There are 2 protein chains.
Amino acid sequence: MTTPAPSRATASVASILRESAERFSDEVAVVVGPERVTYAELWAQTKAYAGALRAKGVTEGTRVAMLVPNVADFPRVYYAILSLGAVAVPIHALLKQHEIEYVLRDSGSTMLVCAAPLLAEGASGAGLAGVDVVTVLAPPDLATGFDRLEALAEAAEPIDTYVPRDPFDTATILYTSGTTGQPKGAEGCHFSLIEQANVLLLSTFEMKAGDKVLGALPLFHTFGQTCTMNVAFRAGATVVMVPKFTGDAALQVMADEGCDIFMGVPTMYMALLDAATRSEARPTLKYAISGGAALPLAVMDRFREVYGADIHEGYGLTETSPVACFNHVGVAPHPGTIGTPVWGVDVEVADQNVEDAIVLMPPGSIGEIVVRGHNIMNGYLNRPDDTAKAIVDGWFRTGDLGTKGDDGYLTIVDRTKDMIIRNGYNVYPRQVEEVLAAHTAVAMAAVFGVPHETHGQEIEAAVVLRPGAEATPDELIDFVKDEIAAYKYPRVVHLVDALPLGPSGKVLKRELVAKFAPAHA
Amino acid sequence: MTTPAPSRATASVASILRESAERFSDEVAVVVGPERVTYAELWAQTKAYAGALRAKGVTEGTRVAMLVPNVADFPRVYYAILSLGAVAVPIHALLKQHEIEYVLRDSGSTMLVCAAPLLAEGASGAGLAGVDVVTVLAPPDLATGFDRLEALAEAAEPIDTYVPRDPFDTATILYTSGTTGQPKGAEGCHFSLIEQANVLLLSTFEMKAGDKVLGALPLFHTFGQTCTMNVAFRAGATVVMVPKFTGDAALQVMADEGCDIFMGVPTMYMALLDAATRSEARPTLKYAISGGAALPLAVMDRFREVYGADIHEGYGLTETSPVACFNHVGVAPHPGTIGTPVWGVDVEVADQNVEDAIVLMPPGSIGEIVVRGHNIMNGYLNRPDDTAKAIVDGWFRTGDLGTKGDDGYLTIVDRTKDMIIRNGYNVYPRQVEEVLAAHTAVAMAAVFGVPHETHGQEIEAAVVLRPGAEATPDELIDFVKDEIAAYKYPRVVHLVDALPLGPSGKVLKRELVAKFAPAHA
Ligand SMILES: Nc1ncnc2c1ncn2[C@@H]1O[C@H](COP(=O)(O)O)[C@@H](O)[C@H]1O
């Protein structure tokens, strides 16, 4: 979606790293296990990688895919691509070869930078798509058959600095299923990504050089990429990376490294609470940030008891760079809400039944959350029709149902597509999950609808119990029955060992439906 | 220069005021004499003004000129225009009717919002250009023959909120002579102006709600508009406005109101030092900011002695929104330099003799300062040729001569056009002025070249003595002779009561030449 520059001003997301390398050169940018990389080192390594990629033909507008876990090579590769004026296409680390092939083809990527541990699927996917592979993290003596970027970087001339871009040029293409359908590539431009970091630092979070943020969120996903990596690097703070998240590992590393800020999705908070039953270690957190899915109130309360910190919940989507709303740090969180719009962004509720126009609704109404401002993506790559459906009258339609209070605080009721209609009544799974989560035996719960002959849909739940706790499905059903209207409680509760989680930690309800109502999935 | 939106992201400079009205509603935004206006009040009044302007036909893209001094009506009118998606054309308050006519015609303004005290020239200029006038600050019973915006605002429906714009849409048109020629309208876009405020707050200044900034710089000029008004409002700080700057008044109001940050041009610092000889009052300043012209070292030192604060000098132009370089607050200033590039901006030295390309020069060379980044204007309105000459290979040519040290600090040697060539030798007036300013009897000095039959140009100086001090022209000439090479000292020194200053406080050297070498002016 590159258009001729309408102006002379330029920008680049790569400036985030370059400027911190000049201003905070000796501060530690990244900690991974025993490895410590300062800003000056990280930028020098990034310029070396960029030199190697340039020698391989990467130039302005080239799309380069990357399959890299949360290690220092993620920012090296990411900012190296962006420094060349190329477009970074980070791929979810859990994708299988055909899914990777799809992303490579759809994005028009000409190269895949693949971490050695992910080569099995990555190389196959690249092979299917006919795309070149270079590796990172491969030991020099391991014959993968591909060039090692580390070796290429030693041989190549590093770049001097980044190439300035038109601020609207696409910087990243992030694949998302959106509310429905096949994964689509959301194009985020340099302006949106830089302005997100500014707005989050100036008016939403509180972060500065010296702070240590746990980088547990996957960096290939918008939440970790923007809120953890770009924001922390813009501030000159330290990102303590966790290549493979578990509650126990995260708790330990936060305590060991003195992390003062945690960012995660709700399932990570549940895992941290669980880990705290096994460990005495407690980091001194200033605050914590949650997003990506609804945070159960019970989790928020338990986290404050156990970790002594407030969780500030926010809301956004890949298509909104991602942050749209937040319980701003510095203001006491309004539990159960997603807060108020971030600086310079409008978030409103629109009639979800009117498709070709945005009809805003008064406070208190339930409708579709719509967003406009600096954070709206350029569009879905090569999908003008989807883009036109998603962005109407200048507003991005989120596909989430929500409501705005008189105080301006927004609440998500549910995702449009997750809403269950039973006997003609709307049931919002989130409300039912909140009740289940308040049961002392429950660690995690997911509520979903399965097709039903007479009711249209029936309500079922999958529940993970807390370690050592016991409860029968009937007890849980009765517990919910006591709390909410009869048309809303789950008729069936499945006790499971774990919920199926997507790569960014969200519960995959489609998989639950497939598992428990296979005929209808 | 409105182009079709290349993206879905939007922005508006008006969000600066709206967001602070939500976040800092009860903080005082503006103090003028006894008047105190909170952010909530200022935004409500702005929305009322915008409603009145909308009723008068102002809409997206309309250019509205404004001739308003530093009072609360300046931000009201400015953000009202921007809220409607219209373009603000602030006019220098000292212009005469024909100059005003020129700006109105050249900018294509359809309306002039004129403060009553400036009506004599403003209304005449508007009459000549055939442009509608509405007034602010006119007493209700004064029959000016024009509508009062205050009255229109009472009758009109206020706007709900601002109209989002394409970030590259022009927000302001500011007239500047640039290095040569007729005034040209520099178009600044929403993106550049917002990003300037972000960058200055996050990485250049230190300012937050509770701080009180003296608003002495004229708000119609880019320095006051961006660095004082937009930055302070973005931070939720208070701007203490001084409608008519004198050193005595500024000193008194800073002390009375507890200002902790001062921003000014060098002549204001000289006036403040002068005022300090008559008054015991001293504000508690955290730091001070200087720009717009070279700050003599002697002034910096005296200011630290007298006011106990460091002056951080920066550099920029109307065409660069304005800030390009700064002695960043938080780092000890490097006196005599303009600091290092601000976040995300490149500032380099290029060969000034190569016109159609940018040939960067190594550290230490003297050449033309060139700038690129978020802060470059959209262009000169309706002057594609001038724009093409000014912006070459993506770099803006400043017309200033300077040099970059090995430490990355930049120094301005002089403006290209101010450089004097005497007998084939380059003489940089700034260097000579520095020497004169170090003489204990000298308050201000300006050095300029006048045409000369045999030497090409001759060096002359105009000097204002400090109150009570005495020195003859010959003494001053001898003083300089002792300090610098013989081809550089001024052959003639004129003792004057005051130097001719432009509306933004810069010495008008053209007027000195006209006065002392009338045949050649
Ligand atoms: N710190 C500084 N030292 C010397 N000249 C400066 C400085 N800041 C601004 N200027 C001058 O002011 C000009 C810009 O004027 P204006 O567009 O009115 O802001 C520049 O081109 C420089 O010549």
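**Exercise 1.** Determine which exposed residues lie on the face of H5(A) turned away from its buried side.

*Solution.* In this predicted model, local features need pLDDT of at least 70, side-chain atom pairs count only at pLDDT 80 or more, and totals for chains, interfaces and linings use all residues. Residues are numbered from 1 along each chain, chains are lettered from A and ligands numbered from 1 in the order written, and side-chain values use heavy atoms, without hydrogens and water.

Step 1. Helices (DSSP runs of H or I, at least four residues) and strands (E, at least two) are numbered from the N terminus. Buried means under 20% relative accessible area, exposed over 50%, and partly exposed in between (1.4 Å probe, protein chains only).

Step 2. The buried residues of H5 (residues 119-129) of chain A are Leu119(A), Gly122(A), Gly125(A), Ala126(A) and Ala129(A). They fall within an arc of 140° down the helix axis, so they line one face; the arc is taken from the directions from the axis to the C-beta atoms.

Step 3. The face turned away carries the exposed residues Ala120(A) and Gly127(A).

**Exercise 2.** Establish how many disulfides the structure holds, and why Cys325(A) forms no such bond.

*Solution.* Step 1. With a disulfide defined as a pair of cysteine sulfur atoms within 2.5 Å, the count over all chains is 0.

Step 2. For Cys259(A), the nearest cysteine sulfur, that of Cys227(A), is 17 Å away.

Step 3. The sulfur of Cys325(A) is 13 Å from the closest cysteine sulfur, in Cys227(A), which is too far for a bond. Cys325(A) is buried, at 0% relative accessibility.
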